[in-house]
Amino acid sequence: MAKFLAFGEIMLRLSPPGRELLLQTPKLDVWVAGAEANVATALARLGHTSGIASRVPDNDLGRGAITTLRGHGVDTGGIGLGGERMGLYLVTSGAGMRATEVIYDRAGSSFAEAPIDAWDWDALLAGVDRLHLSGITPALGPVPAASAIAAAEAAVARGIAVSFDGNWRGKLWERWDSDPRAILTQLVAHADLMFGNHRDIALLLGREFDESGGERRRAAAEAAFAAFPRLQLIASTARHVEHVDLHRLSARIDARDGHVETDEVVLAGIVDRIGGGDAFAAGVLHALRSDADIGEAARTGLALAALKHSLPGDASLFRQADIDAYLAGGLDVRR
């Protein structure tokens, strides 16, 4: 069976219980996290052969993360052991009109400190037909950026498709003397599928798009297709936030010869929005692997993203039956 491989940092997410402030009480909930790990987990839960290439410390934290991912069906053979520490981030969930807050504690992590030659791409890419990357890895520093570019180049050289999720993280890019546009442009140039919106494309191309609504998104997509010959699809979501517990979300996929856009869905009573974008990416990849057209891929991605908002933690743990039930509109008890 063909295999998805994600490349990126595996972290631990720490959050106060419920809607408490950080250290309001001396308790923290812990989840295995990381954008690429979330995509690998969601795809494995949906029945795909899915693995991750990463690096964690050889201690109880690193090995515990591997055990968790393996328990979800992720191939963890590409995870190396080494370095001194596990990357962490802390999420304080918002409530009402109080926004969710994120604090990163990942400098000097095992993954961020891994040298470029730590990755044996001949072995890691064996049997793989799609490599998934995100803009978070290059934001960690010059060496992870070079490793991400090397991964994309190795995949393309072997005829392996590359998907790329923009995942802009300004707080990370600001920590070093970076050139996000130059680095991200190199990555997108290798991708056939990009997850991102007009703001991501504006950064890549160094220009703004003055149109409004769907016209702006189409103008940005056409500019990206012109700039990146390998790129075939751009998938994105649009989110309108009423308050922390009430959002409206829609999905769109642009192809070179047209686009599809879903209606908005109302997300009420949100449990946890973190990881929603990763669930969307996994849903689109899942549908495309199943030979769905771009309309079905957009609806599937949106369905998995919507379901993720009902689940605490970072990763989507849903199956195809859950997507089918959501799309069928059934909210009564399933007996």
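## Arginine 13 and its surroundings

In which strand does arginine 13 lie? This is a predicted model, and in it arginine 13 belongs to strand β2, which covers residues 11-15. Is the residue buried or exposed? Its relative accessibility is 1%, so arginine 13 counts as buried, the cut-off being under 20%.

The side chain of arginine 13 has a couple of polar partners to look at. One is the side chain of serine 15, with a polar contact of 3.0 Å. Another is aspartate 272, whose side chain is joined to that of arginine 13 by a polar contact of 2.8 Å. Leave out anything up to four places away in sequence, and arginine 13 still touches Asp29, Val30, Trp31, Ala33, Tyr89, Val91, Ser93, Asp272, Ile274, Gly313 and Asp314. So aspartate 272 turns up both in that contact list and as a polar partner, given that a polar contact is a pair of N or O atoms within 3.5 Å.

## Helix α1, wrapped up

Helix α1 takes in residues 35-45, and 11 of its 11 residues are buried, so the rest of the structure largely encloses it. Which residues are those? They are Ala35, Glu36, Ala37, Asn38, Val39, Ala40, Thr41, Ala42, Leu43, Ala44 and Arg45. Glu36 and Arg45 are worth picking out when you scroll through the helix, as both are in the buried set and both residue types count as charged.

Once you're just past α1, look at glycine 47, where phi is positive at about 100°.

## α5 against α7

Next up is a pair of helices, α5 (residues 142-157) and α7 (residues 180-188). Their axes come within 9 Å and cross at roughly 20°. That makes α5 and α7 roughly parallel to each other, since angles under 35 degrees count that way. As for handedness, α5 passes α7 in a left-handed crossing.

Who makes the contact? On the α5 side you'll find Ala145, Ala148, Ile149 and Ala152, and on the α7 side Ile183, Gln186 and Leu187. By class, this contact has 6 nonpolar residues, 1 polar and no charged.

## α7 against α8

Helix α7 also packs on α8, with the axes 8 Å apart and an angle of about 110°. How are the two helices oriented to each other? They are roughly perpendicular, because the band for that label runs from 65 to 115 degrees.

From α7, the residues involved are Arg181, Leu184, Thr185 and Val188, and they meet Leu203, Leu204 and Leu205 of α8. The tally for the contact of α7 with α8 is 5 nonpolar, 1 polar and 1 charged.

## α8 against α9

Carry on to α8 and α9 and you get axes that come within 9 Å and cross at roughly 40°. That angle makes α8 oblique to α9. The crossing here is left-handed.

His198, Ile201 and Leu205 stand for α8 in this contact, while α9 brings Arg216, Arg217, Ala220, Ala221, Ala223, Ala224 and Ala227. Sorted by class, the residues come to 7 nonpolar, 1 polar and 2 charged. Leu205 is also among the α8 residues that α7 meets.

## Arginine 207, between α8 and α9

Where is arginine 207 found? It's in the loop between α8 (198-205) and α9 (213-227). With a relative accessible area of 42%, arginine 207 is partly exposed. Setting aside its neighbours within four places in sequence, arginine 207 is in contact with Ala202 and Ala223. Ala223 is also one of the α9 residues in the contact with α8.

For a sense of scale, try arginine 207 and serine 93: they are 114 residues apart in sequence and 34 Å apart in space, C-alpha to C-alpha. Serine 93 is among the residues that arginine 13 touches.

## Two positive phi values outside glycine

Asparagine 167 isn't a glycine, yet its phi is positive at about 40°. You'll find asparagine 167 in the loop between β9 (161-165) and α6 (170-173). At 15% relative accessibility, asparagine 167 counts as buried.

Aspartate 291 is another residue other than glycine with a positive phi, this time near 65°. Its place is in the loop between α10 (276-289) and α11 (294-308). Is aspartate 291 buried or exposed? Its relative accessible area is 72%, so aspartate 291 is exposed.

Terms used: Residues numbered from 1 in each chain as written. Predicted model: local features only at pLDDT ≥ 70, side-chain atom pairs only at ≥ 80, totals over all residues. Heavy atoms only, no water. Axes fitted to C-alpha atoms, helices over the stretch in contact; angles between N-to-C directions. Helix = DSSP H or I, 4+ residues; strand = E, 2+ residues; numbered from the N terminus. Parallel < 35°, antiparallel > 145°, perpendicular 65-115°, else oblique. Left-handed = near helix turned anticlockwise from the far one by under 90°. Contact = heavy atoms within 4.5 Å. Buried < 20%, exposed > 50% of the residue type's maximum accessible area, 1.4 Å probe, protein only. Polar contact = N/O pair within 3.5 Å; in protein donor to acceptor, adjacent residues only side chain to side chain.
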